[in-house]
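Work through the following exercises with the model open beside you, and try each task before reading its solution.

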Amino acid sequence: MLSFASRARRPEHVRPLRTFIGHTDTVRCVAFFPDNRRLVSSSWDNSVRIWDVETGLPTRDALTGHTDVVRSVAVSPDGVKIASASEDRTLRVWSVASGELLYDPIEGHASGLWCVTFSPDGRRIATTGDNTIRIWDADTGDLVAGPFRSHNGNLYALTYAPDGLEIASVANDKTVRVCDSDIGQMLVGPMEGHENDVRCVVYTPDGRRLITASDDGTLRVWDVITGEQIGEPMKSHANIITSIAISPDGTFLATAGPNVVMQVWNLDTCKVAGPPLRHANDVSCVAFSFDGRYLAGGCCDFRIWLWDAHVLRRPSPDPPTLSPMPEPLQPLATEAKGNPNASDILPAMLPLPPSPTSPPSSIAQLLGASRPPSPQQQDNLGIAHSEPAPTPQPNGSKKPTVLTKGFWSRRRRKREISSSAEGSDGPKLHIRTSLNGAFRRLVKVSSPQVARALC
């Protein structure tokens, strides 16, 4: 079981509010309704679906008719129409109330459509395909302006400025361009800096900056007036960014790519915000609700994951920091001045226990490795202490004895072992065990040579 400190260092795990199940293939695009109570999605299963945000259930049957993947979907500002752009080269505009097409599918692009968006007033629909931009009347489906060819490659995405007067677009020519929404004349650009195809573009709510994402794995901020890059690029955790969305207050930017974690950035600090939002599979598209309460992510597991956007304001988890190592103990100045041998009594200068690879040379060394040195052992180890008075030896034929202590690895019955050769000059060995905790032995030998042999 993890300790409390280990749990505190783990990244916070956030669960989604709910998931929407219904698509039978990867979710390609998601968009919220202005009422924040519904969202619409498109998928590689060629369908468009409308969902209830509170229940996670579809509000009606799927809108079908496209014959290929529906790459992009958008909701009109009044929430009455839905526009869908498909790889089948058609633009379809649906009535939300009836679920039927308002008019016949619009054809005009020579290749599959990549992106669709409504103008801020809801009167125009802009699409990209066959390297051109075309503007359509939202009520009739007639071509109003275009085709505009502003890039030298395939256009991936476009978006209206908040005032509706400009359109920003990105393409695989690694550039960002801003053109007039009525006549298609380029106003700003080309803005260069990305090292690979540029796939996504959004305006900030104030309309003064553009944010782009590229296959080089970076996010870049641009000044709309001068066309200059602002600050350093932000490096994403994914090598390719397929979708981005900005919060209504312009504080957070969510990104999607071939990764199970949806990455969200704080645009004020240019750092990752909040805890990681982990999905079951790669995230393909993202969208914020208009009130900033929800964040939706379309996933390659065929589901839509709905998150509480308030978790983004929590501080992101920092990696654990190691405490500094304590400094080694230093001798006091008073000890060094008063005692010239102060270094001899410091703990760091005590003799170390013998290494396992070097056998002990005496019983005293063996005992010093397992217990604090006794006064008798300190004498053998060379530790300074007061010299005791010599013990007088009684007159007799016995030789001086050596007392030692040790540990037995198993219990033995109390016994006494005597040498076969009895006599005053013969060596005698007495071994005794006690039952108080660890078993100790008291060895009484008649010569130091026998003590060394027992080690």
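**Exercise 1. Find the strand that holds V176, decide whether V176 is buried or exposed, and list its contacts.**

Step 1. V176 is found in strand β15, where strands (E, at least two residues) and helices (H or I, at least four) are DSSP runs numbered from the N terminus. This is a predicted model, in which local features need pLDDT of at least 70 and side-chain atom pairs count only at pLDDT 80 or more, while totals for chains, interfaces and linings use all residues. Residues are numbered from 1 along each chain as its sequence is written, and side-chain values use heavy atoms, with hydrogens and water left out.

Step 2. V176 counts as buried because its relative accessibility is 0%; buried means under 20% relative accessible area, exposed over 50%, and partly exposed in between, with a 1.4 Å probe and protein chains only.

Step 3. Apart from neighbours within four places in sequence, V176 is in contact (heavy atoms within 4.5 Å) with H151, S169, V170, V188, G189, P190, M191, V198, L210, T212 and W222. The C-alpha atoms of V176 and R199 are separated by 9.9 Å, although these residues stand 23 apart along the chain.

**Exercise 2. Place V176 in the largest nonpolar core, and identify the elements that contribute to this core.**

Step 1. A nonpolar core is a set of buried Ala, Val, Leu, Ile, Met, Phe, Trp, Tyr and Cys residues joined through side-chain atoms within 4.5 Å. The largest one has 26 residues, and V176 is listed with I135, I167, V178, M191, Y203 and L210 as having the most contacts inside it.

Step 2. Two or more residues each come from β11 (132-137), β12 (143-148), β13 (155-160), β14 (166-171), β15 (175-180), β16 (186-192) and β17 (198-203). A second core of 19 residues, separate from this one, includes F252, A254, L277 and W307.

Step 3. For I135, again leaving aside neighbours within four places, the contacts include R124, I125, L143, Y160, I167 and S181. As background, nonpolar side chains in soluble globular proteins tend to be buried together.

**Exercise 3. Classify two of the aromatic pairs and find the charges that sit over rings.**

Step 1. The structure holds three aromatic pairs; rings of Phe, Tyr and Trp (its six-membered ring) pair if their centres lie within 6.5 Å, and planes under 30 degrees apart count as stacked, over 60 as edge-to-face and the rest as tilted. F20 and W51 are stacked, because their ring centres are 5.6 Å apart and their planes lie at 20°. This pair links distant parts of the chain, with F20 in strand β1 (residues 18-21) and W51 in strand β4 (residues 48-52), 31 residues apart. F20 is buried at a relative accessible area of 1%, and W51 is buried at 0%.

Step 2. W114 and Y156 form an edge-to-face pair, with 5.0 Å from centre to centre and 75° between the planes. Because W114 lies in strand β9 (residues 113-118) and Y156 in strand β13, the pair ties together parts that are 42 residues apart in sequence. Both W114 and Y156 are buried.

Step 3. A charge sits over a ring if NZ of Lys or CZ of Arg is within 6 Å of the ring centre and within 35 degrees of the ring normal. The charged end of R71 sits over the ring of W114, 4.1 Å from its centre, and that of R199 sits over the ring of Y156, 4.6 Å from its centre.
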